[in-house]
Amino acid sequence: MTLKKLLLATTAFALLGAMAAPAMAQTAIRLASKDLLTTNPEDVKEIEAIEAALKAQGTDVDLQIVDLPGGSYADALSVMLLSGDIPDIIYFQGGDQKMAEQGILEDLNPWIEKYPNLKAALWPHNVERLKNYPYLLYIYPPRAPQPVIRQDWLDQLGMAPPTTVEEYEALFKAIHDADLDGDGTPGNTLGLTGFGTTAELDSIFNQAFGVTATWMKNADGAWVNSRVTDAEKAKIEFYARLASEGLYDKEYVTNTFDVKEDKFYTGKAGVIFGSSPEVIDIYGGKMNQAHPGEDITLALLPLPKGPGGQGLAAVDVSKESRGFAISSLSEHKDEAVKVLDFMASKEGQDIDRMGFEGTQYTKDASGAVTFTDQISTWYARFFNAANWTPPTQQLSPAAQQMLDTIKTGFKPDNAFVWPAEYAVDVDATEQVYRSWVAKFMTGEASIDQWDQFVSEYNAAGGSRMAEYAATVLQ
Ligand SMILES: [Ca+2]
């Protein structure tokens, strides 16, 4: 018996009991989400505001937060769901696929057609992901790291923002050769730092070098992973040259995100990537905290043109990796979707994005909104709708520019969800790639050894993966 059948049988039994109870106008909707707890007063306040607004619109719901034990949210959620306790609205951060396979997650596409606010709030990559996997809704802009620099440093160098790969290299070199941090020693500031992997750099350099998607056709017309293409090789050669000249941080592998940030604030690196517009503004705030009395603004650097083109890296649209689902077993699907639709509407977004009048913002007689300091710790519990604009600009010019680039620069990738039997190959090839990139960057391996990397990659599962990819891609 599948989990769904078992649960349906239980539900039918429960329904018989419920029939004896008097009919109530208020519908209970249970909601499990990582960011919602009954013990957090702000969460409760938001839920109550949502209930009141929905009631005013004629939908009387009792929105009940399901608290999950601490530790891993995904694990706690999985334990609860497998015990047969399935809330009406469920936020997943992993583990959704096996629930979808059990048939307990609702296909959201017909609902989105029915509910105009949800449909209008979607980002282009949400639309593509829903076509491939219709069970999760995560209305946020895609992650697309972009680089920033202190505007005063750019001014001191007398340089315009770089528009090509060569100009980027020249900027990194100028930062390195100058003494912008003013410690009296030229040559001890990196052009660029990062952390963990080179993935942040790929966000703006993939397209520049012609790494257009995860899967690309080789000269013979066969599908190959872009990791083993000449375009990738040219990109890695560029990264490795930056590292060898002291322009890119060779310690990126061991840097944590806070080490990366610290090097930027203390002047040990001139450029870092921010993963989202909000993060760019956090960097700006922390930079000013580190330099009291100065008024430092950050400038966003443009997407460089290169031998292969220009643009943001292609976005994986195979599925959402996290997001809200509706239980297909819910007896109140319509009300549950209505809650999500409200959160995607202007009124819902005003609550979710701005918090409360008198706390996170004030309004004057004309209705003009001024944010208070409290807004800095407020965060959206549900969505970041593509069609919502704040009454007062919350983002700095650099952050707004980054968001505009994300909106206009979206390109869908052709990556797909791997069947479980390829999990070992996917992990092994990624490890081979990351360890070779690290060797190229530190100089432990020369780019002349590229073919050796390719052989190792293919042997670790790359060949098998490419054979499967050829059956999926057209
Ligand atoms: Ca210096």
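**Exercise 1. Identify the bridge partner of I90 in β10, and place it within its sheet.**

*Solution.* Within strand β10, I90 has A325 as its bridge partner. The model examined here is a predicted one.

Step 1. I90 leads to strand β3, residues 89-92, which runs antiparallel to β10 and is joined to it by four bridges. In general, the strands of a sheet pair through backbone hydrogen bonds, either parallel or antiparallel.

Step 2. The pair belongs to an open sheet of four strands, in the order β2-β1-β3-β10 and with mixed pairing. Its edge strands are β2 (61-65) and β10 (323-326), each of which pairs on one side only. From one strand to the next, the twist averages 20°.

Step 3. Two helices that lie across strands of this sheet may be added. Helix α14 (residues 333-344) lies across β1, β2, β3 and β10, and runs at about 160° to β10. Helix α2 (residues 41-56) lies across β1 (27-32) and β2, at about 160° to β2.

**Exercise 2. Determine the span of helix α9 and which of its residues are buried.**

*Solution.*

Step 1. Helix α9 comprises 13 residues (165-177); at 1.5 Å a residue they should span 18 Å, and the end C-alpha atoms are indeed 18 Å apart, which agrees.

Step 2. The buried residues of α9 are V165, Y168, E169, L171, F172, I175 and H176. Because these residues cover an arc of only 160° around the axis, they are on the same side of α9. An α-helix has 3.6 residues a turn, so residues three or four places apart point the same way.

Step 3. The buried residues of α9 pack against β4 (146-150), α8 (151-157), β5 (190-192), α10 (199-205), α11 (230-244) and β8 (269-274).

**Exercise 3. Is L171 buried or exposed, and which residues is it in contact with beyond its neighbours within four places in sequence?**

*Solution.*

Step 1. L171 is located in helix α9. Its relative accessibility is 1%, and buried means under 20%, so L171 counts as buried.

Step 2. Apart from neighbours within four places in sequence, L171 is in contact with I149, L154, L157, M159, P162 and L301.

Step 3. One of these contacts, M159, is twelve residues from L171 in sequence, with 7.6 Å between their C-alpha atoms.

**Exercise 4. State which residues coordinate the calcium ion, and how they are spaced.**

*Solution.*

Step 1. The calcium ion is coordinated by D179 (OD), D181 (OD), D183 (OD), T185 (O) and N188 (OD1), at 2.2 to 2.4 Å.

Step 2. Along the sequence, these donor residues follow the spacing D-x1-D-x1-D-x1-T-x2-N.

Step 3. D179 is partly exposed, with a relative accessible area of 26%; T185, at 37% relative accessibility, also counts as partly exposed.

Conventions. Residues are numbered from 1 along each chain as its sequence is written. This is a predicted model: local features need pLDDT of at least 70, side-chain atom pairs count only at pLDDT 80 or more; totals for chains, interfaces and linings use all residues. Side-chain values use heavy atoms; hydrogens and water are left out. Two strands pair if DSSP finds at least two bridges between them. Axes are lines fitted to C-alpha atoms, for helices over the stretch in contact, and angles run from 0 to 180 degrees between N-to-C directions. Contact means heavy atoms within 4.5 Å. The expected span of a helix is 1.5 Å times one less than its number of residues. Buried means under 20% relative accessible area, exposed over 50%, partly exposed in between (1.4 Å probe, protein chains only). The arc is that of the directions from the helix axis to the C-beta atoms. Donors are N, O and S atoms within 2.8 Å of the metal (3.2 Å for Na, K and Ca); water is not among the atoms, so sites may look incomplete.
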